[in-house]
Each structure stands twice: as structure tokens, then as C-alpha cells.
2 protein chains.
Amino acid sequence: MEETLQTSSTHNLSPHSVLIAHCPSRQVLDLIADKWTALIFALLERQPTRFNELQRAIEGISHKMLTQTLRNLEQRGIVERKITPTIPPAVEYSLSSLGASLIPLMAALRQWAEEHMEEVELARQAYEEK
Amino acid sequence: MEETLQTSSTHNLSPHSVLIAHCPSRQVLDLIADKWTALIFALLERQPTRFNELQRAIEGISHKMLTQTLRNLEQRGIVERKITPTIPPAVEYSLSSLGASLIPLMAALRQWAEEHMEEVELARQAYEEK
DNA sequence: CAGTATCCTACTGGATACTG
DNA sequence: CAGTATCCAGTAGGATACTG
């Protein structure tokens with residue numbers, strides 16, 4: 001379902017509003033082009049996942065950063081949080097439909113990184129020898 | 001001393017996975033899922049661009065961060081730097097073929113951000129009223 | 001114009017402790 | 001288990017000045 005969005009009439013020659021510092025799209029970009037977002041997606045795109053399971057799966061993320069990133073994503077309607085009031089409580093994070101529309105993109109980011117890591121590493125080494 | 005982990009093989013994830021902290025792909029992901037990379041691509045995907053033109057076009061980026069990000073991308077073989085030794089010197093940045101393979105991905109990131117900024121903004125406001 | 005270096009502040013983000 | 005709050009150390013990153 002695409003938005004019948006009246007395209008930004010503000011800049012004819014500059015359709016990249018994301019280049020404008022104060023444009024809301026810049027904040028959205030900062031959210032999705034984030035250090036941890038693509039990794040969280042790697043888990044959530046498969047199935048709803050609990051907090052501690054996320055932290056265990058994503059090596060190197062701290063409790064604080066996971067909380068913070070999840071909260072940001074939830075706040076922006078990309079991630080949903082469901083509490084089951086058992087004791088102790090079980091909280092599951094999942095992707096909203098908005099979030100689901102990002103799955104291919106986030107997967108492509110991870111995939112590119114994994115597929116080109118050798119190439120990039122070789123370039124880095126070659127650069128050093130200059 | 002550190003984990004010689006076999007443990008995470010419980011997931012059916014690739015051993016060379018961005019989920020592994022020390023995996024080179026993680027660094028690659030950090031490079032491309034970066035605050036400024038997608039914006040630099042917005043310019044370079046069109047044509048080779050000079051340093052100052054980049055800084056003028058990308059609102060909010062500082063001299064230092066632009067230098068740093070360009071150097072990182074160059075170092076990893078994604079961006080190329082061509083010096084024309086005129087006076088004053090003219091330096092043009094462009095995408096390598098490796099970098100060019102990222103164009104669709106970076107464009108998709110920007111596009112998603114721009115297309116969903118209202119939706120995200122509405123979610124953010126709705127969240128606050130709770 | 002392009003790049004490097006320095007200084008210095010502000011914030012990121014980790015470790016820890018505590019609540020429900 | 002999930003979440004919040006606090007402290008604080010390290011560093012990201014802006015402003016500035018200087019070279020070629």
C-alpha cells in the first residue's frame with residue numbers, strides 16, 4: 001500500500017530531501033542506517049524475539065544500546081512490543097507492517113557486507129602499503 | 001581468554017555472519033550503514049564530485065566528518081580519489097566499481113526514508129501520547 | 001581548493017546496581 | 001526476565017588554524 005504522497009514540491013532540482021539537515025527524512029535515515037538496526041532485523045524478520053535472546057544473538061551489543069535502539073524503533077512504528085504478563089514477564093519484539101517493508105533492504109545490507117568482506121579487506125591492506 | 005566460541009552455532013546462521021562481533025563483515029556493515037555514507041552516495045552516484053561541492057550539498061556534515069568518511073570509503077575500495085594537480089589542486093571523488101554495486105542499496109535507503117517520513121513522524125507523535 | 005592537525009566539549013555507550 | 005537509572009570514561013565530532 002503506497003502512500004498517495006504529493007511529492008515534495010519544495011525542491012525541484014533536489015529531490016533528495018534527505019540531504020537537507022532538518023528534514024524529517026534525515027532522522028529516519030539515521031534510524032535505519034544505524035549500527036544495530038540491520039542486526040536486530042536479522043532476528044526479528046524470522047520471528048518475534050525476546051529481549052535477552054536478541055542480546056545473546058547480537059554479539060557485542062550492550063544492554064543499554066539494545067534497549068535504546070529497540071525503543072527508538074518502537075517509537076517510530078517499525079517494531080512492536082508485546083508483553084505477556086506472566087511471572088517473570090515475557091516481552092516479545094516483532095516487526096510491524098511498516099518494519100516488514102524494510103526487510104529486503106536490511107537483508108541486502110547484511111548480505112552485501114558478508115559477500116564483500118574479503119574484497120574490502122584486501123582493499124584495506126592494499127591501501128596501507130602506500 | 002576471550003570466547004573461542006563454538007556456542008553460537010546453535011543458530012542456523014552462517015559462521016561468517018554480521019552477528020559475530022569480530023567478523024570482518026561487521027566492520028563492512030558499520031561502514032555502509034553509516035550516518036553519512038548514503039548521503040555521499042546521493043552525490044557520487046551521479047557524477048564525480050569535488051570535496052567542497054560534497055560538503056555544500058550535504059547539509060550538516062562537517063569538514064572533519066566528510067574527510068574521515070571519504071577516507072574510510074576510499075581505504076576500503078568503495079570510493080576513488082583522483083587528483084588533478086592544477087593550482088589550486090582539484091580533487092574528484094567517484095565510486096569504484098565495488099562502490100557502484102552499492103548504488104541501488106544506498107538509493108533504496110534514502111528513498112525509504114523519504115517515502116516514510118510522515119508515517120514515522122505520526123508514529124512518533126502517537127507514541128508520545130501514551 | 002584540499003587536507004591535516006590540534007584543541008576541547010558533549011555525548012555515546014559500557015558497567016553496574018536496583019525495581020517490578 | 002525486562003526495564004530504568006546512574007555514573008563515568010572514552011571518543012566522536014565541531015571549531016579553528018595552518019600547509020601546500
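Good morning. A polar contact, as I shall use the term, is a pair of N or O atoms within 3.5 Å. The structure before you is a predicted model, and one such pair joins protein to DNA: an N or O atom in the side chain of A:Arg50 is 2.9 Å from a phosphate oxygen of DNA strand D.

Two further pairs involve this strand. At A:Asn52, a polar backbone atom lies 2.8 Å from a phosphate oxygen of DNA strand D. B:Lys64, by contrast, reaches a base: one of its polar side-chain atoms is 2.5 Å from a base nitrogen of the strand.

Let me now turn to the surface around the strand. DNA strand D is surrounded by 16 residues, and A:Asn52, A:Arg81, A:Tyr93, B:Ser62 and B:Lys64 are the closest. By class, seven are nonpolar, four polar and five charged. Helix 4 of chain A gives the largest share, four residues. Other elements that supply at least two residues each include helix 3 and strand 3 of chain A, and helix 4 of chain B. On the DNA side, 67% of the strand's atoms within 4 Å of the protein belong to sugar or phosphate, and the rest to bases.

How, finally, are the two protein chains arranged? A turn of 180 degrees, with a shift of 0.0 Å along the axis, lays chain A on chain B with an RMSD of 0.1 Å. The two copies are therefore related as by a two-fold rotation axis. In chain A, A:Ala33 has the C-alpha nearest that axis, at 2.2 Å. The copies meet through the same surface, because 96% of the interface residues of chain A are also interface residues in chain B.

Conventions:
Residues are numbered from 1 along each chain as its sequence is written. Chains are lettered from A and ligands numbered from 1 in the order in which they are written. This is a predicted model: local features need pLDDT of at least 70, side-chain atom pairs count only at pLDDT 80 or more; totals for chains, interfaces and linings use all residues. Side-chain values use heavy atoms; hydrogens and water are left out. Copies are superposed by least squares on the C-alpha atoms of residues with pLDDT of at least 70 in both. Contact means heavy atoms within 4.5 Å. A residue is near a molecule or strand if one of its heavy atoms lies within 4 Å of it. A polar contact is a pair of N or O atoms within 3.5 Å; within protein, one must be able to donate a hydrogen and the other to accept it, and residues adjacent in sequence count only if both atoms are side-chain atoms. Ala, Val, Leu, Ile, Met, Phe, Trp, Tyr, Cys and Pro count as nonpolar, Asp, Glu, Lys and Arg as charged, and the others, Gly among them, as polar.
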